[in-house]
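Dear colleague,

Please find below the structure that I am handing over to you, together with its sequence. My findings follow directly after it.

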Amino acid sequence: MTDHAIEITGLTKSYGRTRALDGVDLRLSPGRIVGLLGENGCGKTTLLKILAGVMQDYTGDVRIAGHRPGPRSKATVSFLPDVSFLPERARIEECLRLYRDFFADFDEAKARRLVDSFGLETSLRLKEASRGMREKVQIALAMSREASVFLLDEPISGVDPLARDTLLSTIVGDLPEHSLVLISTHLVHDLEPVLDSVVMMRHGRVLVAGDVDDLRSEHGTSLDSLFKETYR
Amino acid sequence: MTIDFDPSRPIWHQLVHEFRRRIVVGTWEPGGRIGGVRDLAGELGVNPNTVQRALSELERDGLCRVERASGRYVTDDGERIRGLRAEMAADAADDYIRRARGFGIPLDHATSLIAERWTTDDHDRPDPTDATTRPADAKA
């Protein structure tokens, strides 16, 4: 056991001849909100999938919430993928039941509050919902676990500004106090005030990792500009 | 209520400024209780660790204190708050002087301008340095 919520050493993952992750080393402490930044195809989603325990067949050492990714870590890691993962034909009501049955740490009352604040009826069938509405349901479910690590893959790109604000205020004020939140995005600007640290990736490697306000002091610029500079 | 932060400067510095302003104008009353870190983070839309860092700075400056088990309170030292008000006003004066100098205005012109504008300008408008009253569409 270590004090890190995430501890990765020499993580490499290939798809055929393409190296998606190329020797990633990363340590992240609990109680932080970390932005995972990088261009399309830099390995963000692959990294999150491995951490979530939904992708195997990698080399290197990965620990999350004190476990190797697997059933024990999944019980305490909440993963919000950037694709739809709920059964198309289900109503929101049934999705709530699904989470209640699967996750002991699920706070159903909180999920209902979020669903309601997104203006959704629990009788709605997902296949009758728009893409943005489905994303809201997934957000409501994923954010309502008393997890120790939250892995959020592009959570803000697909929803309207109001839902984005709800999500962001949930992230800063309404998650378990010592949980780690790792958020991948390329919309750096919207997340600036919410993050306390950042991990920038390129070509399957970590380029920059550090405290956001320290980076601002050091470079005298916003993360957004630093991001653009780093990737120029 | 969220603040339009300048993302090119450390946000905790900007929070310290905002919290000092709240103390000076009395939004946070002398001796009053300050909300919890996470409540403030939710209200301002910023990271809780950043809020914590700003509050620690306020504590170091003697502008607030933490009472074990009951929370965080604004100082009730009136002298200290008056000192802070003078300090913030001096900073604002420095800004004005820097800009007046930049325009090439001499001291007597700059001071008479203040005296003249003091009563004629509409000073009931929201303070543009007060981030919480700045209209959302004022963003550059």
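Let me begin with the sheet in chain B of this predicted model. Three strands form an open sheet in the order β1-β3-β2 (chain B), and their pairing is antiparallel. At the edges lie β1 (33–34) and β2 (64–67) of chain B, each of which pairs on one side only. In general, the strands of a sheet are joined through backbone hydrogen bonds, in either a parallel or an antiparallel manner. Between β1(B) and β3 (residues 71–74) of chain B, the antiparallel pairing extends over 2 bridges. Within β3(B), Tyr73(B) is the residue that stands opposite Arg33(B).

A helix accompanies this sheet: α3(B) lies across β2 and β3 of chain B and runs at about 105 degrees to β2(B).

I turn next to a pair of helices. How are α1(B) and α4(B) oriented to each other? The helix α4 (residues 78–102) of chain B packs with α1(B) at an angle of about 120 degrees, and their axes are 9 Å apart. Angles of 65 to 115 degrees count as roughly perpendicular and those over 145 as roughly antiparallel; α1(B) and α4(B) are therefore oblique to each other. Their crossing is left-handed. From α1(B), the contact is made by Arg20(B), Ile23(B) and Val24(B), while α4(B) provides Ile81(B), Leu84(B), Arg85(B) and Met88(B). Of the residues in this contact of α1(B) with α4(B), 5 are nonpolar and 2 are charged, with no polar ones.

At the level of domains, chain B is divided into domain 1 (11–74) and domain 2 (78–121). The centres of these two domains of chain B, taken over C-alpha atoms, are separated by 27 Å. Each domain of chain B gives 6 residues to the contact between them. On the side of domain 1 of chain B that touches domain 2 of chain B, there are 4 nonpolar residues, 1 polar residue and 1 charged residue.

Finally, chain B also touches chain A: 17 residues of chain B are in contact with 20 residues of chain A. Which elements give two or more residues to the side of chain B that touches chain A? They are α1 (11–25), α2 (37–44) and α3 (48–60) of chain B. The most comes from α2(B), with 4 residues. By type, this side of chain B consists of 8 nonpolar, 6 polar and 3 charged residues.

Yours sincerely

Notes
Residues are numbered from 1 along each chain as its sequence is written. Chains are lettered from A and ligands numbered from 1 in the order in which they are written. This is a predicted model: local features need pLDDT of at least 70, side-chain atom pairs count only at pLDDT 80 or more; totals for chains, interfaces and linings use all residues. Domain bounds come from an automatic or database domain assignment. Two residues are in contact if their C-beta atoms, placed from the backbone, lie within 7 Å. Ala, Val, Leu, Ile, Met, Phe, Trp, Tyr, Cys and Pro count as nonpolar, Asp, Glu, Lys and Arg as charged, and the others, Gly among them, as polar. Two strands pair if DSSP finds at least two bridges between them. Axes are lines fitted to C-alpha atoms, for helices over the stretch in contact, and angles run from 0 to 180 degrees between N-to-C directions. Angles under 35 degrees count as roughly parallel, over 145 as roughly antiparallel, 65 to 115 as roughly perpendicular and the rest as oblique. A crossing is left-handed if the near helix is turned anticlockwise from the far one by less than a right angle, and right-handed if clockwise.
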